[in-house]
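Colleague: I'm new to this one and would like a close look at a single part, the sheet, along with whatever sits against it. Could you walk me through it slowly?

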Amino acid sequence: MRDRHFELIELSAQWLREVERVEQACFSAPWSRAGLESDLLNTTSHWYGAVDQKTGRLAAFLGAHIVCDEAEIVNVATFPDYRRNGLAKALIRELFRRHPGLTQVFLEVRDSNAAARALYEKMGFSRYAVRRNYYENPAEDAILMRYQADRRALC
Ligand SMILES: CC(C)(COP(=O)(O)OP(=O)(O)OC[C@H]1O[C@@H](n2cnc3c(N)ncnc32)[C@H](O)[C@@H]1OP(=O)(O)O)[C@@H](O)C(=O)NCCC(=O)NCCS
């Protein structure tokens, strides 16, 4: 991956097929194409992507819903071949860069998802609640995490 360069862009619905490809490669219960399309078109949604400049393919994405100074990250994924290259971290930073007024950002993550939990903790999120048996396929608790502006990590 050392020879790869990535462009961070805001994703429109034109990227639907690529978002779906990454989504299907990353989740045991992926969002449907209709669900992804509806969210990409939602006026409160902001989806960002890392595009591999060499292939033009989408390597990673982040989707968030933003209302005033609060956001909820609803989806984040990095295609398996591209993991541990800082792309998810770069996309979270991009969300903050493009929306500097955000004071709180929420998300939920599977209890067993050590990689995602480590990513969010590194980016300054902390756990504030648990939602029992929230997920299916397999059934699992959701860990609710929150970033607050004054606690943001300088990483
Ligand atoms: C979680 C996920 C998005 C991380 O994407 P990524 O682009 O590989 O993450 P980054 O390279 O930006 O990693 C940033 C930091 O997160 C942590 N991290 C990421 N993957 C990790 C892993 N497998 N194990 C431990 N820590 C990990 C590390 O602290 C890492 O920093 P470092 O590489 O300097 O040590 C990716 O593993 C993925 O797509 N997983 C499947 C989908 C998913 O679970 N999405 C989240 C739903 S809540």
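Modeller: Let's start from the ligand, since it leads straight to the sheet: strand 4 (70–78), helix 3 (87–98) and helix 4 (114–122) each supply at least two residues of the shell around the ligand. Keep in mind that this is a predicted model. Helix 4 gives the largest share of that shell, 6 residues. There are 21 residues around the ligand, and the ones that come nearest are T78, R83, A88, A115 and L119. By type, the shell splits into 13 nonpolar, 4 polar and 4 charged residues.

Now for the sheet itself. It is an open sheet of 7 strands, in the order 1-2-3-4-5-7-6, and the pairing is mixed. The edges are taken by strand 1 (6–10) and strand 6 (126–135), each with a single partner strand, so one side of each has no neighbour in the sheet. On average, neighbouring strands are turned by 25° against each other, if you ignore direction. As a bit of background, strands of a sheet pair through backbone hydrogen bonds, either parallel or antiparallel.

Let's walk in from the strand 1 edge. Strand 1 runs antiparallel to strand 2 (residues 45–52), and 5 bridges join them. If you want a spot to look at, find F6, which stands opposite D52 in strand 2. Next along, strand 2 and strand 3 also pair in the antiparallel sense, over 7 bridges. Here A50 has A60 in strand 3 as its bridge partner. These two strands form a hairpin with 5 residues between them, and G56 in the turn has a positive phi of about 75°.

Move on to the loop between strand 3 and strand 4, where you'll find C68. Its backbone is worth a glance: phi of C68 is near 55°, a positive value in a residue other than glycine. For context, most residues other than glycine have a negative phi, and most peptide bonds are trans.

Over at the other edge, strand 6 and strand 7 (residues 140–148) pair in the antiparallel sense over 6 bridges. One of the pairs to look for is Y135 with E140, its bridge partner in strand 7. The loop between these strands holds P138, and the peptide bond from N137 to P138 is cis, with omega near -5°.

What packs on the sheet? Helix 1 does, touching strand 3 (58–67) and strand 4, and its direction makes about 100° with that of strand 3. Helix 4, which we met beside the ligand, lies across strand 5 (104–110) and strand 7, running at about 160° to strand 5.

Helix 1 has a helical partner too. The axes of helix 1 (residues 16–26) and helix 2 (residues 33–41) come within 10 Å and cross at roughly 125°. The two helices are therefore oblique to each other, and helix 1 passes helix 2 in a right-handed crossing. On the helix 1 side the contact is made by L16, V19, E20 and E23, and on the helix 2 side by R33, L36, E37 and L40. Those contact residues divide into 4 nonpolar and 4 charged, with no polar ones.

To retrace the route, go from strand 1 at one edge to strand 6 at the other, then look at helix 1 on strand 3 and strand 4, and finish with helix 4 across strand 5 and strand 7.

Methods:
Residues numbered from 1 in each chain as written. Predicted model: local features only at pLDDT ≥ 70, side-chain atom pairs only at ≥ 80, totals over all residues. Axes fitted to C-alpha atoms, helices over the stretch in contact; angles between N-to-C directions. Helix = DSSP H or I, 4+ residues; strand = E, 2+ residues; numbered from the N terminus. Parallel < 35°, antiparallel > 145°, perpendicular 65-115°, else oblique. Left-handed = near helix turned anticlockwise from the far one by under 90°. Contact = placed C-beta atoms within 7 Å. Nonpolar A, V, L, I, M, F, W, Y, C, P; charged D, E, K, R; others polar. Near = placed C-beta within 6 Å. Pairing = 2+ DSSP bridges.
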